Amino acid sequence: ENERASLEMLSMVLKAYPEAAREKDTDGCTPLHDICANESASYRMMQTILDEWLKAKENRTSHSAISMISPVDLHSDEGEYLWDRVIRDDIKELFRHLSSLFEENNQSNPSPPDIMTHFINTSWWNGVWLVVNRHPSIAKTMKLQTTLMTDFLFAAGKRLSLASMMEVIKNEPDLLEGV
C-alpha cells in the first residue's frame with residue numbers, strides 16, 4: 001500500500017514537473033541515480049523515472065544508460081565504489097539491456113528480440129516500444145494474429161515515430177490486403 005502511494009506521488013510530481021527526472025544535484029546525480037541506489041524503491045518507481053529520463057534525446061545513448069550502473073566517484077569509508085554495492089541486479093540487468101539497445105554493431109550484445117523479451121518479462125512496456133522503434137522489423141518476428149495486430153498497430157501509432165510505423169506496416173503486407 002505504501003509502495004503504491006509512493007508510486008502515485010512520484011507520478012504526480014513527474015506529471016507536474018517532468019524535467020525533475022533529468023535535474024542533477026551538486027554531485028551530478030539525477031533522481032534516477034538515487035532511485036537505482038535506493039534498495040527500498042520499487043522496480044516500478046525506477047521504470048517511471050526512467051521513462052521520463054529517456055524523453056531527453058541525450059539520455060538515449062549506450063553511454064548514458066550504462067552510466068546509471070557504472071561506478072562513480074562516490075566511495076565508502078573502505079574505499080569501495082558505492083554504486084556497485086547498492087544497485088540491485090535486476091536494475092543492472094535492465095540498464096545493460098537498454099545500453100545494448102542503443103549500441104549498434106556490437107556482436108557481444110543481446111539481440112533486439114532478446115532485449116524485447118527481457119523488457120516484456122519485467123513488464124517495462126515503454127522499453128518494448130523503444131525496441132520496436134529502433135528495430136521496426138521486429139514486429140514481423142512477433143507473429144501476432146491479424147486480430148491482435150490491429151491492436152498492436154493502434155498502440156504503435158501512439159508511440160512510434162512515423163518512419164518506424166511505416167517500416168512496421170511495410171513488414172506486414174497482409175494487413176493492407178483489400179484496402
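Student: What is the relative accessible area of E93?

Tutor: This is a predicted model, where local features need pLDDT of at least 70, side-chain atom pairs count only at pLDDT 80 or more, and totals for chains, interfaces and linings use all residues. Residues are numbered from 1 along each chain as its sequence is written, and side-chain values use heavy atoms, with hydrogens and water left out. Relative accessible area (1.4 Å probe, protein chains only) sorts residues into buried (under 20%), exposed (over 50%) and partly exposed (in between). E93 is partly exposed, its relative accessible area being 30%.

Student: Which residue meets E93 in a salt bridge?

Tutor: A salt bridge is a side-chain nitrogen of Lys or Arg within 4 Å of a carboxyl oxygen of Asp or Glu. The partner of E93 lies 3 residues away in helix α6 (residues 89–102), so about one helical turn separates the two. This partner is partly exposed, at 40% relative accessibility. With an N to O distance of 3.7 Å, E93 meets R96.

Student: How far apart are the closest N and O atoms of E167 and K170?

Tutor: Both residues belong to helix α11 (residues 162–170), 3 residues apart, which means about one helical turn between them. E167 counts as partly exposed at 29%, whereas K170 counts as exposed at 57%. Their salt bridge has its closest N and O atoms at 3.3 Å.

Student: Which residues are joined into one network by salt bridges that share partners?

Tutor: A search of the whole structure finds 5 salt bridges. Some of these share partners, and the residues they join into one network are R22, E52 and K55.

Student: How many residues apart in sequence are the parts that R22 and E52 tie together?

Tutor: The side chains of R22 and E52 meet in a salt bridge, 3.8 Å from N to O. R22 is partly exposed at 25%, while E52 is buried at 11%. R22 sits in the loop between α1 (2–16) and α2 (31–36) and E52 in helix α3 (residues 43–53), so the separation of the tied parts, in residues, is 30.

Student: How many of the 11 residues of α3 are buried?

Tutor: Helices (H or I, at least four residues) and strands (E, at least two) are DSSP runs, numbered from the N terminus. Among the buried residues of α3 are Y43, M45, I49, L50 and W53. The rest of the structure largely encloses α3, because its buried residues number 10.

Student: What is the angle between the planes of W129 and F152?

Tutor: The structure holds 2 aromatic pairs (rings of Phe, Tyr and Trp, the last by its six-membered ring, with centres within 6.5 Å; planes under 30 degrees apart count as stacked, over 60 as edge-to-face and the rest as tilted). W129 is buried at 13%, and F152 is buried at 10%. Their rings form a stacked pair, 5.3 Å from centre to centre, with the planes at 25 degrees.

Student: At about what angle do helix α7 and α8 pack?

Tutor: Axes are lines fitted to C-alpha atoms, for helices over the stretch in contact, and angles run from 0 to 180 degrees between N-to-C directions. The axes of helix α7 (residues 112–121) and α8 are 8 Å apart, and their packing angle is about 165 degrees.
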